[in-house]
Amino acid sequence: MPTRRRITARNARFQQWEALLGNRNKRTRAKEFLVQGVRPISLAVRYGWPVKALIHDDRRELSPWARELLREVDAEQVAMAPELLAELGEKNESAPEVVAVVEMPADDLDRLHVDGDFLGVVFDRPTSPGNIGSIIRSADAFGAGGLIVSGHAADVYDPKSVRASTGSLFALPAVRVGSPGTVMDWVAARRAEGRPIVLVGTDEKGECEVFDFDFTQPVLLLVGNETSGLSSAWRDLCDHTVSIPMTGSASSLNAANAATAVLYEAHRQRLVAARRA
């Protein structure tokens, strides 16, 4: 039977969970993060992420979804005063029905889904957690096998990233690495296994336009920092670079939008190839 408790004051347990919202170091030490919303929580459960606690409003009748969640998931159940739950849900006026405390997986590149036509994304030193979540969502939508967040970067498990992914974080592996070397060792191992992964960087002065590159081969797409683009280390590792042709007065695209455009083109090419096969 799950442990059940009630919290009506800002006690130590509440403060521990509250810290997970804004303190990356505490998230990292606890190896836990908060998940808000019906779809993200449902996908976390569907994909087998360990749920440590389910926190619900102690003054409202729960929906059928919430009742089933509490009945089926083996996690601590906490009935919380709505004004406190609103703080964990980051809502000013009303509390969410449920907030979940979920365990982080290991940052292991072998979590990525690697198959014959592998498509993965590296996001180099992102500063915006919202952009991380948006790229996770696009990568999931267009058939990628995972996202690698490289270098000194915003946190994959920041609430803004988790929300922006709209639950795709739980379907698509997202792994944090410190340096390009870690990724290149993993790429070398996959190449040795017979998967000839090519590294393709996005750059406004790319060697060809995105439509003219063959994305039906195994590809690791490199997307640069929102301000400065790809680091020199990643740029030097690119096998190829591609550009996105644009019209109008815009000089560049937001990093998440640029990644989405290239991922869509890769997905389109693969669908066409599959239909011709």
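## A tour from the core outwards

The largest nonpolar core of this protein holds 54 residues, and those with the most contacts inside it are Phe33, Leu54, Leu147, Leu169, Phe170 and Phe215. Select these six to begin, and keep in mind that you are looking at a predicted model. Next, colour residues 255-276: this is helix α10, which gives the most to this core, with six residues. Domain 1 (5-103) and domain 2 (109-276) both contribute residues to the core, so it lies between them.

**Stop 1: Phe215.** Stay in the core and pick phenylalanine 215. Which residues is it in contact with, leaving aside its neighbours within four places in sequence? You should find Val200, Val210, Val242, Val262, Glu265, Ala266, Gln269 and Arg270.

**Stop 2: the whole protein.** Zoom out and switch to the cartoon view. How many helices and strands does the protein have? There are ten helices and twelve strands. The radius of gyration is 21 Å, close to the 19 Å that the globule rule gives for 277 residues, so the protein is as compact as a globular protein of that length. Along the principal axes, the C-alpha atoms fill a box of roughly 60 × 40 × 35 Å.

Now turn on the surface. The protein exposes about 13,200 Å², and carbon and sulfur atoms supply 47% of that area. Of the 277 residues, 51% are buried. Contacts also reach along the chain: among those between residues at least 6 apart in sequence, 76% join residues at least 24 apart.

**Stop 3: the two domains.** Give residues 5-103 one colour and residues 109-276 another, following the domain assignment of domain 1 and domain 2. Their C-alpha centres lie 31 Å apart. Where the domains meet, the contact takes 15 residues from domain 1 and 16 residues from domain 2.

**Stop 4: helix α6.** Select residues 129-141, which form helix α6. Try the distance tool on its two end C-alpha atoms: they are 19 Å apart. At 1.5 Å a residue, the 13 residues of this helix should span 18 Å, which agrees.

Which residues of α6 are buried? Show Pro129, Asn131, Ile132, Gly133, Ile135, Ile136, Ser138 and Ala139 as sticks to see them. Then bring back the surroundings: the elements covering these buried residues include β6 (119-124), β7 (147-150), α7 (159-164), β8 (174-177) and α10. Before moving on, look just after α6, where glycine 143 takes a positive phi of about 80°.

**Stop 5: Pro159.** One of the covering elements, α7, is your next target. Proline 159 is found in this helix. Is proline 159 buried or exposed? Its relative accessible area is 5%, so proline 159 is buried. Setting aside residues within four places in sequence, its contacts are Leu21, Arg27 and Glu90. For a longer look across the model, draw a line from proline 159 to alanine 266: the two are 107 residues apart in sequence and 29 Å apart in space, C-alpha to C-alpha. You met Ala266 earlier as a contact of phenylalanine 215.

**Stop 6: Ser231.** Finish in a loop. Serine 231 sits between β11 (219-223) and α9 (232-237). With a relative accessible area of 18%, serine 231 falls under the 20% cut-off, so it counts as buried. What does serine 231 touch, not counting residues up to four places away in sequence? Select Asp124 and Arg125 to show its partners.

Note on methods. Residues are numbered from 1 along each chain as its sequence is written. This is a predicted model: local features need pLDDT of at least 70, side-chain atom pairs count only at pLDDT 80 or more; totals for chains, interfaces and linings use all residues. Side-chain values use heavy atoms; hydrogens and water are left out. A nonpolar core is a set of buried Ala, Val, Leu, Ile, Met, Phe, Trp, Tyr and Cys residues joined through side-chain atoms within 4.5 Å. Buried means under 20% relative accessible area, exposed over 50%, partly exposed in between (1.4 Å probe, protein chains only). Helices (H or I, at least four residues) and strands (E, at least two) are DSSP runs, numbered from the N terminus. Domain bounds come from an automatic or database domain assignment. Contact means heavy atoms within 4.5 Å. The radius of gyration is taken over C-alpha atoms; the globule rule is 2.2 Å times the number of residues to the power 0.38. Accessible areas come from the Shrake-Rupley method with a 1.4 Å probe; for residues, only the protein chains shown count as cover. The expected span of a helix is 1.5 Å times one less than its number of residues.
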